[in-house]
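Work through the exercises below with the model open beside you. Try each task before you read its solution.

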Amino acid sequence: MNLRSKLQEDELDEYMVRIRHTMMNRDLSDDIMAKVHREQRIESPRRLKNYFKFLRPMIPLTIIAALLILIGSIVVSPAMAQSLQQAPFIRSIFEFAGDLGLNVAHKQDLTIHPAVSATQDDTTLTIPEIIYDGTRVSFSLEQTNPSLTDIKEMRELQDDIQHMDVQINGKDVDQYAPRYSNIPIITKPGVDDDSVIVELMTMQNRGGKPFPSSFEMTVTIQMAQFKEPFLFTVPVSVSTGEKAALLTNEQSKAYKIFTITLEKLELTPITTSLIVRQSFPGGTSYDFLTTGLDYEVWDEKGNELSQINGSGGQLSDEGDFIYDLRFEPFPSKPEKIIIKPYLPQYSKVEKGAYLYDQDGEIVKEMIPELEFEIRVD
């Protein structure tokens with residue numbers, strides 16, 4: 001295998017893990033994933049599936065219902081109405097977007113509120129809030145266009161974003177990525193069609209460089225209906241509220257052909273980061289269909305964390321594979337954390353498509369012999 005083929009294969013493996021550990025906004029798991037393996041190429045994932053697809057429609061309806069009850073119960077003066085419209089908590093995208101960590105960031109006042117905006121014609125894009133906890137940078141983005149009154153003319157912001165570039169202190173964010181890789185820029189649904197959440201995941205756990213603790217971030221967004229991009233420059237700094245808990249005792253487990261090492265487990269108020277290294281005996285290597293693992297994270301009370309995103313890739317010439325996964329935070333500090341590895345099962349009909357049970361859940365082969373239990377002091 002020549003160097004170019006090897007690099008393409010490594011890049012494909014990385015993107016396959018990133019897709020597996022990123023809930024996409026569009027369902028790519030069946031026909032597109034099969035096409036990926038036939039053509040040996042794939043583009044970076046840019047959108048997360050709305051994994052709160054049932055919750056999301058309910059949230060605005062619940063708010064509207066509550067406001068209707070409130071309006072029906074009291075008389076609001078014009079001045080008060082204007083104040084309510086301008087109150088920042090009314091339009092906090094983090095609070096209602098379905099990400100527990102971002103909700104915590106809002107409630108604990110850990111977010112930065114730059115309120116920077118850019119306007120072309122009658123469309124204004126605004127970045128209302130940002131949070132950076134040292135592992136991921138998240139910022140909300142919303143659009144307003146008072147000239148659009150016909151609902152048929154309104155377009156979803158997430159669908160209109162064609163391309164996005166990010167710079168840190170004037171240099172491309174990919175300077176912090178490992179060699180032959182890039183920093184994922186992920187968009188996921190906000191609270192309505194006019195808002196999204198954008199996230200950048202650090203990759204220092206996979207051989208990249210950590211982001212600075214404070215930096216100037218420049219965001220360039222190309223929208224479908226505009227020739228010129230929207231440009232934003234905002235200050236960013238680490239804000240965690242409390243010191244992150246870092247567990248790095250590097251436990252290892254082996255079972256059959258699987259050998260995994262828990263390299264790091266980091267807890268911040270908004271993110272739980274899990275770093276696992278998988279080693280392979282002679283004659284085997286990473287293959288997402290046969291040797292690629294996924295992981296569940298639980299506490300001693302039976303609470304399972306929802307996964308936010310993740311990526312993976314080969315870190316060394318020896319063939320070790322690194323999983324760099326991000327989960328939501330625990331609702332309260334756990335006494336014990338349980339890491340549960342498993343093999344996801346795939347369709348025998350379509351390559352790359354998950355196998356689902358009658359409840360629509362991915363069929364999993366749990367591997368209790370590889371479980372880790374970590375006590376939290």
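The exercises go from confidence to strands, then to a single residue and the cores.

**Exercise 1. Confidence**

Task: Find the average pLDDT of this predicted protein model, and the stretches where pLDDT is below 50.

Solution:
- Step 1. The model is predicted. Its average pLDDT is 78.
- Step 2. A score of at least 70 is reached by 72% of the residues.
- Step 3. Residues 2-8 fall below 50, with three contacts beyond near neighbours in sequence.
- Step 4. Residues 22-90 also fall below 50, and this stretch has 91 such contacts in the model.

**Exercise 2. A hairpin**

Task: Describe how strands S7 and S8 pair.

Solution:
- Step 1. Locate S7 at residues 185-189 and S8 at residues 195-201.
- Step 2. Their pairing is antiparallel and runs over five bridges.
- Step 3. Pick one bridge: threonine 187 has valine 198 in S8 as its partner.
- Step 4. Five residues sit between the two strands, and together S7 and S8 form a hairpin.
- Step 5. Check burial in S7: five of its five residues are buried.

**Exercise 3. An open sheet**

Task: Work out which strands stand at the edges of the four-stranded sheet.

Solution:
- Step 1. Write down the order: S6-S5-S9-S10, with antiparallel pairing.
- Step 2. S6 (171-172) and S10 (230-237) each have a single partner strand, so one side of each lacks a neighbour in the sheet. These are the edge strands.
- Step 3. Look at S10 with S9 (residues 214-223): eight bridges join them. Threonine 218 is bridged to threonine 233 in S10.

**Exercise 4. One residue**

Task: Decide whether isoleucine 338 is buried or exposed.

Solution:
- Step 1. Place isoleucine 338 in strand S18 (residues 336-344).
- Step 2. The cut-off for buried is under 20% relative accessible area. Isoleucine 338 has 9% relative accessibility, so it is buried.
- Step 3. Beyond its neighbours within four places in sequence, its contacts include Trp298 and Phe372.
- Step 4. Isoleucine 374 is 36 residues away in sequence, yet the C-alpha atoms are 6.4 Å apart.

**Exercise 5. Two cores**

Task: Find which strand gives the most residues to the largest nonpolar core.

Solution:
- Step 1. This core has 33 residues; Phe139, Leu141, Leu200, Phe211, Met217 and Phe232 touch the most other members.
- Step 2. Elements giving two or more residues include S4 (136-144), S8 and S10.
- Step 3. S9 gives the most, with five residues.
- Step 4. Zoom in on phenylalanine 139: its contacts include Leu200 and Met217.
- Step 5. Another core lies apart, with 30 residues, among them Leu265 and Tyr323.

Key
Residues are numbered from 1 along each chain as its sequence is written. This is a predicted model: local features need pLDDT of at least 70, side-chain atom pairs count only at pLDDT 80 or more; totals for chains, interfaces and linings use all residues. Side-chain values use heavy atoms; hydrogens and water are left out. pLDDT is the predictor's confidence in each residue, from 0 to 100. Contact means heavy atoms within 4.5 Å. Buried means under 20% relative accessible area, exposed over 50%, partly exposed in between (1.4 Å probe, protein chains only). Two strands pair if DSSP finds at least two bridges between them. A nonpolar core is a set of buried Ala, Val, Leu, Ile, Met, Phe, Trp, Tyr and Cys residues joined through side-chain atoms within 4.5 Å.
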